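Thanks for making the time this morning. Please bring the model up on your screens, and I will talk through its strand pairing and then one of its cavities.

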Amino acid sequence: MEPGRCTLRVEGLDCPAEVPPLREALQGAPGVVDLNFDPAQGTMTVLYRRDATDPAAIARRVTERARMRAEVVAGAAPPVPKRPLDRRWLATIASGLALGLGILLEYRNSIQSAHVLYLLSIVAGGLDLFPKAWRASRSWRLDIHALMALAVLGALGLGQWDEAATVAFLFGLSEALEALSVERARRAVRALLEVAPESAEVVGADGSSRVVDARLVRAGDRVRVRAGERVPVDGRVAAGRSSVDQKNITGESVPVFREPGDEVFAGTVNGDGALEVVASRPLDQAIATKVVEQVRAAQAARAPVERGVGRFAAIYTPIVVGLAMLVATVPPLYQLATTGSASWREWVTRGLVVLVISCPCALVIATPIAVVGALAAAARRGVLIKGGVFLEEFGRLRVLAFDKTGTLTRGEPAVVEVVATGGRADADVLRIAAALGDQGGHVLGRAIARHARGLRLEVPVADDYRAVPGLGASGRVDSEQFHIGSHRYLDESGLCRPDFHALLGRAEGGVGTAVALTAPGGPIGWIRLADRPRPEAARVLADLGALGIEAVMLTGDNAETAAALAREVGIADQRAGLLPADKAEAVAELDARRGPTGMVGDGVNDAPALAAARVSVALGGISSAAALETADVVLMADDLARLPWLVRHSRRALALIRFNIALAVGIKALFLLLAALGRASFALAIVSDLGTSLLVTANALRLLRGRDA
């Protein structure tokens, strides 16, 4: 039985510190297979066995055991969590006001009134702190909230009411500011995902129209899209012409022109013309919906560096608690043993300050925000990365292997040479060949017709068209009979003169395929077609080389064609005549000998090689929805130029995460030393923790911009 998957919105899940109680509530539960958490969206994703449990039972277990209200998110629409930001800020402001008034009253010697206000400040500042600390203590966990609660209670036990209130207020302030930072990342991702409209105008067979829920549109339905509206479904234009802004799906910076026969996608924005679109699939199978699902899954899956930080924090927290206990007990015990008296109050205070300073909040929160920011910035540019692990892998690549056809090339034939003989002009040969190509369905004929129209030639209509399987086609153009086809047809029909035979033979020695055009009196010329490289391919490969990434071409094509393309785009290492299994072996060999290797292909034919690579990249995510399922990274706009940007973006994200970790640990170490020496107060400790958290969070949010350099 295929496992089920459900997403739960969890109230209070806005920080990685909230993950452990949720994990403890569900790990080992009947039917629960796997868990992923997304604090930036306040959700958790559960993989479960359908025969053992269901989403409602999972939500009840979370509520009962973790004491955090959970509800199932229906459908693929991104959840919009209800954040208690107003309540949190009101509580923080109340705590600050009570603290300020308490200090003022204590200064005026109204001690009892000051203590009442300090207590109010502690209660308001600890509105979230104490319930979370209580949950942690019930599970025998030492998390951020437990440490802070210990510090507040310890200060109260020592009679330091003002210090206890200061800790509660500043921690509440840090939580509120942190929530604002997380909310910014959440809004950026939500704006990215909320692309598909809620309604669609369906046109009936009689021309009447009605507005329905976009989710009710089915394949084959005809939908009207007015100027300025969002396209509600994936489909093809049946009537009308307009420019369509696709940047929220493909990352293309300028609108693209769409006319009958062209494909459009749900969530894109129609320009100044009206379109009628025939839906090709329902909304729940649309590209935009799949992007939503993939981005949500990517956010929930933790990157290796993030898992490493979590493991470090799990070890680090008990160590610093032990250090705080040593600071609080060892020096006074030594004093007691040597002098007969001990400064217990001073050393317990220092131990509590160590507790406050050592909170790993900055260490824990900055990494997931950085990963979410990097994923969101990439998706806005039409680069869909399916998780932090692939973001990391891309930054470590040393080799990038490319498929040839459809990846380094356009994947379709184009006219590269037109040669006329027998006194005719090149344009005349092309015009006649295009007329014949228009009538048939052969890919070479369509390419010739497209090329002729691109040169603004007037293409006549061919009469009496007849296809000759394996040899070509014939038809009447301008009242004259012509045949277009292979060299073999000329030889078999006896029309090929020795001089033309030699010329055509040399043409066939070049890259591509040559087709001959003949009249009743003999051949009148030939046209050579070849799969041309993408216009950006050479520049992209040069950019990758400058970044220290070696490009290798793996193709099943013949050696001559592969070598010609490699020379044209600037690839030194190319391997031809490879079967799919051979490509996979080549990727494994490159990875072993030259370092981490990625693969760029079409996501279907190159499946073995894509699976063997450290990270796989598919072009054609728009033309083939299968690419969204098979590749680790999808370039939605089929634009190779995104690859160098992605390398720089990945490396920048990794560098920023490492810098944040070093910064957090360095500041903690400095203030721990000051605390041990008695040079740090409660206020300084909490300000250092607050400042570090805000600094690394703001630094991580810079990744949302996704700059080019």
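The open sheet of six strands follows the order E6-E5-E7-E13-E8-E11, with antiparallel pairing, where strands are DSSP runs (E, at least two residues) numbered from the N terminus and two of them pair if DSSP finds at least two bridges between them. At the edges lie E6 (209-213) and E11 (263-264), each of which pairs on one side only. Five bridges tie E5 (residues 199-203) to E6 in antiparallel fashion, and within that pair Ser199 stands opposite Asp213.

This is a predicted model, in which local features need pLDDT of at least 70 and side-chain atom pairs count only at pLDDT 80 or more, while totals for chains, interfaces and linings use all residues. Residues are numbered from 1 along each chain as its sequence is written, and side-chain values use heavy atoms, with hydrogens and water left out.

Further along, strands E18 (residues 472-477) and E19 (residues 480-485) run antiparallel and are joined by six bridges, with Gly475 partnered by Phe482. These two strands form a hairpin with two residues between them, and Asp478 in the turn has a positive phi of about 50°. E19 is also joined to E20 (residues 513-519), again antiparallel, by three bridges, and here Gly485 stands opposite Ala516.

Turning to empty space, the structure holds seven cavities of 30 Å³ or more, a cavity being a set of points on a 1 Å grid over the protein atoms alone where a 1.4 Å probe fits but cannot get out.

Notes: Helix = DSSP H or I, 4+ residues; strand = E, 2+ residues; numbered from the N terminus. 1 Å grid on protein atoms, 1.4 Å probe; cavity = no way out; pocket = protein on both sides within 12 Å on 5 of 7 lines; lining within 4 Å. Points joined across faces, edges and corners; volume = space filled by probe spheres on them.
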